[in-house]
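Biologist: Please put the model up. I will ask what stands behind each label.

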Amino acid sequence: MRDEIHSDRRPPEDTPSAGDARTPDTARPPAPALPGATTLRWEIVCLLALSLGASAVSAVISFLGVLTAPESLAEHTASLVRPQADQRPWLDLSWQLYRVAVGLAPVLLAGYLLHRSAESMRTIGFDLRRPWFDLRSGTVLAALIGVGGLAVYVVSWRLGMTVTIAPSALEGNWWDVPVLVLQAAKNGILEEVIVVGYLLHRLGQLGWTPWKAVVASSVLRAFYHLYQGVGMFFGNLVMGLVFGWFYHRYGRVMPLVVAHTVIDIVAFVGSVYLVGRLDWLPS
C-alpha cells in the first residue's frame with residue numbers, strides 16, 4: 001500500500017487561538033500543532049540557507065567564474081573530494097571525517113524540525129521499515145540514473161558544455177576508499193532527505209501541488225550542481241524529476257538515498273581505478 005507523503009494537516013493562520021475552556025482535571029493535553037504557514041516558510045528558507053540553498057548560490061558564482069574565464073568549460077576541473085592537508089595523511093583523514101560529520105548536520109536539523117511538528121523522519125520514509133524494497137528499488141534507480149548521467153557527462157564534455165569532473169583527488173592513502181564511501185553516503189543522505197523528503201513534505205503542507213513542488217526541488221538540485229557545467233545542470237534536473245516522481249509515488253526517501261549513495265560510490269571509487277585507463281573517460 002502506498003505511503004502518504006503529505007500530511008493531512010495544513011498550517012494554521014499565524015494568529016493566537018482561544019484557550020481550552022475545560023478545567024485542568026478534565027482537559028486532555030492538546031496535540032502539538034503544525035506551525036503556521038509563515039513559520040513553515042521561514043523554516044524552509046533557514047534550513048536551505050544552511051545547506052543546499054547556500055550550495056546553489058556558491059555553484060552559480062563558481063559557474064560564472066568559469067564561464068568568464070578565457071579557457072573553455074572542458075579545460076576546467078572540478079574536484080569533488082580534495083585533500084585537506086597535503087603530505088599529512090592523519091590530519092587529512094581527520095579533516096575528511098570532520099567534513100562528513102558537519103555535512104550531515106542539516107539532516108539532524110530537519111529531523112528536529114519534523115519532530116517539533118509531531119512528525120519524524122519516518123514521516124518522509126527515512127527509516128528501515130522496508131529494507132528489501134529500499135535496496136531493490138534504489139539499485140534499479142541507481143542503474144538507470146547512473147548510466148544516463150554518465151552518458152550526459154561524456155557527451156556534454158565533448159561538446160564543451162561541462163567541466164572535467166575529478167570525483168576524487170585524494171593522494172593514495174590507505175583510507176581513501178572508506179572516506180570516499182562515507183562521502184558518497186553523506187551526499188545521498190543530505191541531498192535526498194533535504195531536497196526531496198523534507199522539502200516536498202513541507203511544500204505539500206503549504207498547499208503546493210505535488211508536481212509544482214517536484215519541479216521546484218529539481219530546479220534547486222540542478223542549480224547546486226551548476227558548477228559542473230550546463231550539461232550536468234540539465235542531467236541533474238532530470239534526475240530530480242525522476243526522484244521526485246518516485247517519492248510522490250511511494251512516499252519513501254530511503255530508496256533515493258540508496259540510489260544516490262550507490263551512484264556516488266561508483267563515481268568516486270571508480271574514478272580512482274578507471275580515469276586515465278579508459279580513453280573515452282574525460283581526464
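Modeller: The chain has 9 helices and 2 strands. Their order along the sequence is α-α-β-α-α-α-β-α-α-α-α. Helices (H or I, at least four residues) and strands (E, at least two) are DSSP runs, numbered from the N terminus. This is a predicted model: local features need pLDDT of at least 70, side-chain atom pairs count only at pLDDT 80 or more, and totals for chains, interfaces and linings use all residues. Residues are numbered from 1 along each chain as its sequence is written, and side-chain values use heavy atoms, leaving out hydrogens and water.

Biologist: Why is Asn187 called buried?

Modeller: Buried means under 20% relative accessible area, exposed over 50%, partly exposed in between (1.4 Å probe, protein chains only). Asn187 has 14%, so Asn187 counts as buried. Asn187 lies in helix 6 (residues 176-205).

Biologist: What does Asn187 touch, not counting residues up to four places away in sequence?

Modeller: Glu192, His260, Asp264 and Phe268. Contact means heavy atoms within 4.5 Å.

Biologist: Why is Leu241 called partly exposed?

Modeller: Its relative accessible area is 32%, which falls between the two cut-offs, so Leu241 is partly exposed. Leu241 is placed in helix 8.

Biologist: Which residues make the nonpolar surface patch?

Modeller: Trp211, Val215, Val219, Phe223, Leu241 and Trp245 make a patch of about 510 Å². Patches are made of residues with over 30% relative accessible area and no salt bridge: like charges are joined within 9 Å, nonpolar side chains (Val, Leu, Ile, Met, Phe, Trp, Tyr) within 5 Å. A salt bridge is a side-chain nitrogen of Lys or Arg within 4 Å of a carboxyl oxygen of Asp or Glu. Areas come from the Shrake-Rupley method with a 1.4 Å probe; for residues, only the protein chains shown count as cover. Helix 7 (210-223) gives the largest share, 4 residues.

Biologist: What makes Trp245 and Phe246 an edge-to-face pair?

Modeller: Rings of Phe, Tyr and Trp (its six-membered ring) pair if their centres lie within 6.5 Å; planes under 30 degrees apart count as stacked, over 60 as edge-to-face and the rest as tilted. Here the centres are 6.4 Å apart and the planes meet at 70 degrees, so the pair is edge-to-face. Trp245 is partly exposed at 41%, whereas Phe246 is buried at 5%. Phe133, Trp245, Phe246 and Tyr250 form one aromatic cluster.

Biologist: How do you know that Arg249 sits over the ring of Tyr250?

Modeller: The rule asks for NZ of Lys or CZ of Arg within 6 Å of the ring centre and within 35 degrees of the ring normal. The charged end of Arg249 is 4.7 Å from the centre of the Tyr250 ring, and is listed as sitting over that ring.
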